[in-house]
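Notebook open, viewer open. I want to go through pockets, charged pairs and the core, and jot down what turns up.

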Amino acid sequence: MSEIKKLRTESILKELIPEALAHLDDENLKNLCVVDVECRKGRYDAFVYLDKMFFNTHEQERILNTLKKASRALQNYCMGEQGWYRCPNFHFKFDDRLEYQNHMDALFEKIKRKNDES
């Protein structure tokens, strides 16, 4: 039962956070793409994974700092939209899982070619 509630919360947050970002005044934040949301610690913390798109390291750090400051406003938006009494604490991260997956695919392809040559 607890797992279902966690998945439901993650799904709702995946929809609400982009809406909340669109209501902010910062253009960089309005265009962010939420890739995934993962709730932990009994839905007290939500790790929000963002698409890196074409941001360099400096821009990513600046965006994460801005999001940390705007976190409370985003929580208030989510609570207001859903009628929640409490909203998880947001922890924003840029998602590098796609890069990792591409790297693993390339390694497996390399192994396959090496085995085909043998």
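Before listing any pocket residues I need the term: a pocket is an open set of grid points with protein on both sides within 12 Å along at least five of seven lines, and a lining residue has an atom within 4 Å of a point. I also note that this is a predicted model.

**Entry: pocket**

I looked up the largest pocket and got a volume of about 210 Å³. Which residues line the largest pocket? I wrote down Lys 5, Arg 8, Thr 9 and Ile 12, then Gly 42, Arg 43 and Tyr 44, and finally Trp 84, Arg 86, Cys 87 and Pro 88. Sorting that lining by class, I have five nonpolar, four charged and two polar residues.

**Entry: salt bridges**

How many salt bridges does the count come to? I get four, and I followed up some of them.

I started with Lys 6 and Glu 10, which form a salt bridge with their closest N and O atoms 3.8 Å apart. Both residues sit in helix α1, which covers residues 2–22, and the spacing of four residues is about one turn of the helix. Is Glu 10 buried or exposed? Glu 10 counts as buried, because its relative accessibility is 10% and the cut-off for buried is under 20%. Its partner Lys 6 is partly exposed, at 24%.

Next I checked Asp 36 and Lys 14, whose side chains meet in a salt bridge at 3.3 Å, N to O. This pair links distant parts of the chain: Asp 36 belongs to strand β1 (residues 34–40) and Lys 14 to helix α1, with their positions 22 residues apart. Asp 36 has 19% relative accessibility, so I log Asp 36 as buried. Lys 14 comes out partly exposed at 36%.

Then I went to helix α2, residues 27–30, where Glu 27 and Lys 30 both lie, three residues apart, about one turn of the helix. Their side chains meet in a salt bridge, 3.7 Å from N to O. I have Lys 30 as partly exposed with a relative accessible area of 32%, and Glu 27 as partly exposed too, with 49%.

**Entry: Glu 38**

I also looked up Glu 38, which lies in strand β1. What is Glu 38 in contact with, leaving aside neighbours within four places in sequence? My list reads Glu 10, Asp 45, Ala 46, Phe 47 and Tyr 49. At 25% relative accessibility, Glu 38 counts as partly exposed. I checked the backbone spacing to Lys 6 as well: the two C-alpha atoms are 8.6 Å apart, for residues separated by 32 places along the chain.

**Entry: core**

Last stop, the nonpolar core. The largest one has 26 residues, and Ile 17, Leu 21, Leu 32, Leu 67 and Phe 90 touch the most other members. Helix α1, strand β1, strand β2 (45–50), helix α3 (57–82) and strand β3 (89–94) each supply at least two residues of this core. Which element gives the most to this core? I find that α3 does, with seven residues.

I picked Leu 21 for a closer look. Leaving out residues up to four places away in sequence, Leu 21 touches Leu 29, Lys 30, Leu 32, Val 34, Leu 67 and Leu 74. So that I can find the overlap later: Lys 30 in that list also has the salt bridge with Glu 27.

Technical notes:
Residues are numbered from 1 along each chain as its sequence is written. This is a predicted model: local features need pLDDT of at least 70, side-chain atom pairs count only at pLDDT 80 or more; totals for chains, interfaces and linings use all residues. Side-chain values use heavy atoms; hydrogens and water are left out. Buried means under 20% relative accessible area, exposed over 50%, partly exposed in between (1.4 Å probe, protein chains only). A nonpolar core is a set of buried Ala, Val, Leu, Ile, Met, Phe, Trp, Tyr and Cys residues joined through side-chain atoms within 4.5 Å. Contact means heavy atoms within 4.5 Å. On a 1 Å grid over the protein atoms alone, a cavity is a set of points where a 1.4 Å probe fits but cannot get out, and a pocket is an open set with protein on both sides within 12 Å along at least five of seven lines; lining residues have an atom within 4 Å of a point. Grid points are joined across faces, edges and corners, and a volume is the space filled by probe spheres set on the points. Ala, Val, Leu, Ile, Met, Phe, Trp, Tyr, Cys and Pro count as nonpolar, Asp, Glu, Lys and Arg as charged, and the others, Gly among them, as polar.
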